[in-house]
Structure formats: C-alpha cells, structure tokens
Amino acid sequence: MIRRLEDPDTLQQFLAPFGTVADVDETNGLRARIQNDEIIHLRPSGNAPELRCYSERRQTILERRRS
C-alpha cells in the first residue's frame, strides 16, 4: 500500500477528502502535510501486518484561548 501511495497523484487522490497535499516526507513511511497544515502520517507497523495512520493539526489561537 505504501509503495502505491508514493506516486504523488495516487497519494493526492487517496487524501483528497482532507484537502490538497502540500508536501511529503518519506522518512519512516509517508508523512503528508495538507495545505491547512494538518499532517497525515502513514507507516507500516513494526510488529504487525498493518498500516498505522497518525494525524496532527495545529491548534488555532482562538482554540487556545478557549481551553
């Protein structure tokens, strides 16, 4: 699966519901930064036959003030 997603067009199509891919880091899997600065990191598990998915997003100033 990761090898298929290394193609930029395939990765963009796969992540299209989240937005436009701004850049990709292929260290330790695929770490895609979306244009709104959200990050989706896909990588194979080191000890199981599965694909792990991590997501990150920045907290806005307004969100920080509310918490």
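Buried means under 20% relative accessible area, exposed means over 50%, and partly exposed is in between (1.4 Å probe, protein chains only). By that yardstick D37 is partly exposed, at 29% relative accessibility. Keep in mind that this is a predicted model, where local features need pLDDT of at least 70 and side-chain atom pairs count only at pLDDT 80 or more, while totals for chains, interfaces and linings use all residues. Residues are numbered from 1 along each chain as its sequence is written, and side-chain values use heavy atoms, with hydrogens and water left out.

**Salt bridges**

- Searching the whole structure turns up 4 salt bridges, each one being a side-chain nitrogen of Lys or Arg within 4 Å of a carboxyl oxygen of Asp or Glu.
- One of them pairs D23 with R33, at 2.7 Å from N to O.
- D23 sits in strand 1 and R33 in strand 2, so this pair ties together parts that are 10 residues apart in sequence; strands here are DSSP runs (E, at least two residues), numbered from the N terminus.
- R33 also forms a salt bridge with D37, with the closest N and O atoms 3.0 Å apart.
- Put together, D23, R33 and D37 are linked in a network of salt bridges.
- As for exposure in that network, D23 is partly exposed at 34%, and R33 is partly exposed at 28%.
- E50 and R52 make a salt bridge through their side chains as well, at 3.3 Å from N to O.
- E50 is partly exposed at 42% relative accessibility, and R52 is partly exposed at 28%.

**Positive phi in the loops**

- Most residues other than glycine have a negative phi.
- N28 isn't a glycine, yet it has a positive phi of about 60°.
- You'll find N28 in the loop between strand 1 (21-25) and strand 2 (30-34), and it is exposed, with a relative accessible area of 51%.
- D37 isn't a glycine either, and its phi is positive at about 70°.
- D37 is in the loop between strand 2 and strand 3 (39-44).

**H41 and its neighbours**

- H41 belongs to strand 3 and counts as buried, at 11% relative accessibility.
- The H41 side chain reaches the backbone oxygen of N28 at 2.9 Å, which fits a polar contact (a pair of N or O atoms within 3.5 Å; within protein, one must be able to donate a hydrogen and the other to accept it, and residues adjacent in sequence count only if both atoms are side-chain atoms).
- Leaving aside residues up to four places away in sequence, H41 touches T27, N28, L30, R31, R52, C53 and Y54, where contact means heavy atoms within 4.5 Å.

How values were computed: Helices (H or I, at least four residues) and strands (E, at least two) are DSSP runs, numbered from the N terminus.
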